[in-house]
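Subject: Structure handover and what was found in it

Dear colleague,

I am passing the structure on to you with this message, and I would be grateful if you could keep it open while you read the notes below.

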Amino acid sequence: YGSTRPERILAEVKSKATRGDARSVVDTIDQYCRHQEWAMNVGDEKGTILDSIVCEVKPRAMLELGTYCGYSAVRIASLLPPNSRLITMEFNPVFAAIARQVIAWAGVEDKVVLIEGPSGDWIPKMKKEFGLTSFDLVFLDHWKDCYLPDTKLMEECGLLRTGSILVADNVICPGAPDYLEYVRGSPRYESKYFRSHLEYTRVEDGIEKSVFLG
Ligand SMILES: CCc1ncnc2c1ncn2[C@@H]1O[C@H](/C=C/CNC(=O)c2cc(-c3ccc(F)cc3)cc(O)c2O)[C@@H](O)[C@H]1O
Ligand SMILES: [Mg+2]
């Protein structure tokens, strides 16, 4: 019937995942998207790379651009140390509503702040609205042509400090060529590519980890 893919993912989570268990929410979505219908979650393979970076950085303040169904927000939040916050931005109200329910089902709502609206509007307001000085870690997974402008905007707004880390999904597929050229070519970043595969497929994709040098 006329449900959307995110609604079907939420229904799967509510029927199959254990309430309050973030790991089971992540596994349920991966299982569904691998075997029933593909969806643009970072997925299990690239998710493991993201997990290792989150665990290494132990961010107090983390930003995610592009919540979608909340898969990576749940994955990240389940690894955050106490009194750390993930702020995640989503401008599609339908996706945001789904993501809020997925995040709540996983029991990580006290670690996640979901902001509804376009990143370009919100990035300049972050410091004032959230009493932030800078982000320790940023996960970029929204429209690929927004990666570069939003990165420049975060620089301009003073949201990156020496050592802040940017983690970008899909730098091969669908690709973010202008962003890659920027972080790899700029003396202000130390960039590293983690080769992997497009979620739930054998297609090559990867994650770019870039340390801001100030
Ligand atoms: C205005 C700024 C702004 N502000 C706030 N929220 C924003 C936003 N711009 C976008 N959003 C939201 O973020 C999500 C979009 C994510 C975009 N992601 C991919 O396109 C993608 C595609 C493939 C793939 C598809 C098909 C293939 F064949 C292969 C690969 C794989 C992947 O992992 C992918 O991430 C949605 O929730 C948007 O509402
Ligand atoms: Mg992605």
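What follows is a walk through the metal site, the ligand, the pocket and cavity, and a few individual residues.

Please bear in mind from the start that this is a predicted model, and that every value below is computed from it.

**The magnesium site**

The magnesium ion (ligand 2) is held by side-chain oxygens of Asp141 (OD), Asp169 (OD) and Asn170 (OD1), at distances of 2.0 to 2.2 Å. Read along the chain, these donors have the spacing D-x27-D-N. The two aspartates bring together distant parts of the chain, 28 residues apart: aspartate 141 sits in the loop between strand S4 (135-140) and helix H8 (147-156), while aspartate 169 sits in the loop between strand S5 (160-168) and helix H9 (171-175). Aspartate 141 and aspartate 169 are both buried.

**Ligand 1**

There are 23 residues around ligand 1, and those that come nearest are Glu90, Asp141, Lys144, Asn170 and Glu199. Two of the magnesium donors, Asp141 and Asn170, also approach ligand 1 through their side chains: a polar side-chain atom of aspartate 141 is 2.9 Å from an oxygen atom of the ligand, and a polar side-chain atom of asparagine 170 is 2.7 Å from an oxygen atom of the ligand.

The backbone takes part as well, since a polar backbone atom of serine 119 lies 3.0 Å from a nitrogen atom of ligand 1. Serine 119 belongs to helix H6 (residues 119-122), and its relative accessible area of 11% is under the 20% limit, so serine 119 counts as buried. The side chain of serine 119, for its part, makes a polar contact of 2.6 Å with the side chain of aspartate 150.

**The largest pocket and the largest cavity**

The largest pocket holds about 410 Å³ of space, and 22 residues line it, with Gly66, Glu90, Asp141, His142 and Trp143 nearest its centre. Strand S2 (85-90) and H9 are the elements that give two or more residues to this lining. Sorted by class, the lining of the largest pocket consists of 12 nonpolar, five polar and five charged residues.

The structure also has one cavity of 30 Å³ or more, and the space in the largest cavity comes to about 40 Å³. Among the residues that line the largest cavity are Met40, Asn41, Val42, Gly66, Tyr68 and Asp141, and by class this lining has five nonpolar, five polar and one charged residues. Gly66 and Asp141 therefore appear in the lining of the largest pocket and in that of the largest cavity.

**Backbone features to check by eye**

The peptide bond that runs from cysteine 173 to proline 174 is cis, with omega near 5°, and proline 174 lies in helix H9.

Two residues that are not glycines have a positive phi. For asparagine 83 the angle is about 45°, and this residue is found in the loop between helix H4 (71-77) and S2; asparagine 83 counts as exposed because its relative accessibility is 58%, which is over 50%. For tyrosine 200 the angle is about 65°, and its place is in the loop between strand S6 (189-197) and strand S7 (204-212); tyrosine 200 counts as buried because its relative accessibility is 10%, which is under 20%.

**Two further residues with polar contacts**

Glutamate 37 is in the loop between helix H2 (22-35) and H3, and with 16% relative accessibility it counts as buried. Its side chain makes a polar contact of 2.6 Å with the side chain of arginine 8 and another, of 2.7 Å, with the side chain of tyrosine 32.

Threonine 48 lies within helix H3 (residues 43-57) and is partly exposed, with a relative accessible area of 47%. A polar atom of the threonine 48 side chain is 2.8 Å from the backbone oxygen of aspartate 44. Threonine 48 and arginine 75 are 27 residues apart in sequence, and their C-alpha atoms are 9.5 Å apart in space.

With best regards

Definitions and conventions: Residues are numbered from 1 along each chain as its sequence is written. Chains are lettered from A and ligands numbered from 1 in the order in which they are written. This is a predicted model: local features need pLDDT of at least 70, side-chain atom pairs count only at pLDDT 80 or more; totals for chains, interfaces and linings use all residues. Side-chain values use heavy atoms; hydrogens and water are left out. Donors are N, O and S atoms within 2.8 Å of the metal (3.2 Å for Na, K and Ca); water is not among the atoms, so sites may look incomplete. Helices (H or I, at least four residues) and strands (E, at least two) are DSSP runs, numbered from the N terminus. Buried means under 20% relative accessible area, exposed over 50%, partly exposed in between (1.4 Å probe, protein chains only). On a 1 Å grid over the protein atoms alone, a cavity is a set of points where a 1.4 Å probe fits but cannot get out, and a pocket is an open set with protein on both sides within 12 Å along at least five of seven lines; lining residues have an atom within 4 Å of a point. Grid points are joined across faces, edges and corners, and a volume is the space filled by probe spheres set on the points. Ala, Val, Leu, Ile, Met, Phe, Trp, Tyr, Cys and Pro count as nonpolar, Asp, Glu, Lys and Arg as charged, and the others, Gly among them, as polar. A residue is near a molecule or strand if one of its heavy atoms lies within 4 Å of it. A polar contact is a pair of N or O atoms within 3.5 Å; within protein, one must be able to donate a hydrogen and the other to accept it, and residues adjacent in sequence count only if both atoms are side-chain atoms.
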